[in-house]
Amino acid sequence: MKVAVVLGTRPEIIKLAPLIRELERNNIEFFILHTGQHYSYSMDRIFFEQLELPDPRYKLDVGSGTHAVQTAKMLLGVERALVKETPDVVVVQGDTNSTLAGALAAVKLQIPVAHVEAGLRSFDVRMPEEINRTLVDHVSTLLFAPTQLSKRNLEREGITEGVYVTGNTIVDAVQRYAPLVDGAELPVDPPSEYALLTLHRQENVDNPQRLANALKGVGMVAEKLGLPVLFPAHPRTRVRMAEHGIRAPEGVMLLEPLGYFQFLKLLKGAEVVLTDSGGVQEEACTLRVPCVTLRHSTERPETVYVGANTVAGLVPEHVLEKTLEMVNKPRSWPNPLGDGKAAEKIVKILQEDVG
Ligand code: UD1
Ligand code: UDP
């Protein structure tokens with residue numbers, strides 16, 4: 001079996017790392033194709049270094065652009081590489097434009113697609129991610145659903161063949177790397193108690209009113225709860241803040257994007273995390289750090305059902321209220337996202353199903 005692993009962004013690198021490890025451990029022939037959607041050192045290369053991943057065989061360097069331009073460039077490059085390599089299966093992860101391009105190029109060449117993290121749904125089609133993940137599920141041959149709930153989402157859309165519940169590979173990553181992060185050097189000495197913030201969703205940060213609102217709510221958390229907020233900002237968010245003249249409020253410390261070990265270290269030590277990230281909601285649940293989701297929906301409702309997460313929206317007073325509620329919660333929920341063996345299960349199924 002020859003496996004093509006297509007990836008392009010920070011969360012895909014992190015969540016595919018356990019799978020890549022497992023392919024190596026089983027001596028399975030594979031190669032990595034990097035679309036280049038993320039390219040800054042702190043959004044890309046640092047993760048290959050920290051997670052000791054092999055270099056991509058193909059780097060498309062598509063960079064940033066509108067959805068159509070970015071996806072179209074990726075399709076051209078992925079198709080060219082797949083025609084040359086003729087892999088038996090193409091593995092994609094998640095819901096980014098790289099995920100969509102990898103899946104679409106492969107299925108049109110009649111190469112089976114294996115979708116890691118299948119079946120997640122926010123039911124909000126204004127999110128580019130919802131469009132990507134839904135389309136990818138519908139062209140995939142193997143669908144690795146992290147939970148029973150994601151499997152049920154697929155069933156409701158008529159997808160019942162090739163679906164396996166494996167857990168989410170983020171749990172594998174957290175279990176492997178969280179114990180190693182204590183020595184990681186941080187760009188600042190964190191206060192003894194603090195909140196952590198990430199914010200980058202297109203629907204939140206590209207709208208100046210929503211971005212200002214979200215930051216106002218976070219500023220109220222810093223002020224009223226006396227919790228300084230550390231904010232490693234995604235480059236998209238930095239650009240938008242600069243464009244709209246929006247500053248971080250008092251008590252919110254802007255940082256550069258962090259490496260994985262640095263981020264996990266800060267997450268482990270946080271009183272609470274406020275975020276619109278998918279991966280961060282999952283990591284917080286796994287590390288038993290209360291999470292306040294700065295959105296109106298989540299495609300990870302399992303984390304809410306077990307009490308690890310709350311969907312706060314962006315109204316500043318609600319953000320404050322929900323954060324207060326979460327900070328005081330006992331951190332004893334079970335992890336609904338898996339047992340840390342997702343990559344092992346996925347590779348076993350690939351071996352059985354693909355050969
Ligand atoms: C993408 C994904 C999103 C995912 C996120 C993970 C899509 C549609 N969106 O969003 O689902 O949650 O990645 O972080 O695929 N930039 C840099 N350096 C980089 C990458 C981006 O400076 O290495 C800046 C550029 O100004 C760029 C902007 O960030 O225009 C947005 O990048 P893009 O890849 O379009 O989307 P993300 O917001 O990163
Ligand atoms: N992350 C990181 N450094 C940071 C912020 C996040 O390493 O400064 C990691 C985080 O631990 C998680 C992943 O990036 O594993 C989440 O990616 P992101 O929020 O960009 O995308 P999403 O998960 O929302 O698609």
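Which pocket is the space taken by ligand 1? In this model, which is a predicted one, the space that ligand 1 takes up is the largest pocket, and ligand 2 likewise sits in the largest pocket. I will go through the surroundings of each ligand in turn, beginning with ligand 1.

Around ligand 1 there are 20 residues, and the closest of them are His 38, Tyr 39, Ser 40, Asn 97 and Glu 129. If we sort this shell by class, we find 11 polar residues, 5 nonpolar ones and 4 that are charged. As for where these residues come from, helix H3, which spans 67-85, and helix H10, which spans 235-244, each contribute at least two residues to the shell, and H10 provides the largest share, with 3 residues.

Turning to individual atoms, please look at Ser 40, where an N or O atom of the side chain is 2.7 Å from a nitrogen atom of ligand 1. On the oxygen atoms of the ligand, there is a polar side-chain atom of His 200 at 2.8 Å from one oxygen atom, and an N or O atom in the side chain of Arg 236 is 2.8 Å from an oxygen atom of ligand 1 as well. Taken by itself, ligand 1 would expose 740 Å², and of that area the protein buries 86%.

Now let us move to ligand 2, which is surrounded by 17 residues, with Arg 201, Leu 258, Ser 277, Gly 279 and Glu 283 as the closest. By class, this shell is made up of 9 nonpolar, 5 polar and 3 charged residues. Three helices each supply at least two residues here, namely helix H1 (10-25), helix H11 (260-269) and helix H12 (278-287).

What kind of atom of Leu 258 lies 2.7 Å from a nitrogen atom of ligand 2? It is a polar backbone atom of Leu 258, and the backbone also takes part at Gly 279, where an N or O atom lies 2.7 Å from an oxygen atom of the ligand. At Arg 10, by contrast, the atom in question belongs to the side chain, a polar atom that lies 2.8 Å from an oxygen atom of ligand 2. On its own ligand 2 exposes 530 Å², of which the protein buries 96%.

To put the two pictures side by side before we look at the model together, the shell of ligand 1 holds 5 nonpolar, 11 polar and 4 charged residues, while that of ligand 2 holds 9 nonpolar, 5 polar and 3 charged residues.

Conventions. Residues are numbered from 1 along each chain as its sequence is written. Chains are lettered from A and ligands numbered from 1 in the order in which they are written. This is a predicted model: local features need pLDDT of at least 70, side-chain atom pairs count only at pLDDT 80 or more; totals for chains, interfaces and linings use all residues. Side-chain values use heavy atoms; hydrogens and water are left out. A residue is near a molecule or strand if one of its heavy atoms lies within 4 Å of it. A polar contact is a pair of N or O atoms within 3.5 Å; within protein, one must be able to donate a hydrogen and the other to accept it, and residues adjacent in sequence count only if both atoms are side-chain atoms. Accessible areas come from the Shrake-Rupley method with a 1.4 Å probe; for residues, only the protein chains shown count as cover. On a 1 Å grid over the protein atoms alone, a cavity is a set of points where a 1.4 Å probe fits but cannot get out, and a pocket is an open set with protein on both sides within 12 Å along at least five of seven lines; lining residues have an atom within 4 Å of a point. A molecule sits in a cavity or pocket if more than half of its atoms lie within 2 Å of its grid points. Helices (H or I, at least four residues) and strands (E, at least two) are DSSP runs, numbered from the N terminus. Ala, Val, Leu, Ile, Met, Phe, Trp, Tyr, Cys and Pro count as nonpolar, Asp, Glu, Lys and Arg as charged, and the others, Gly among them, as polar.
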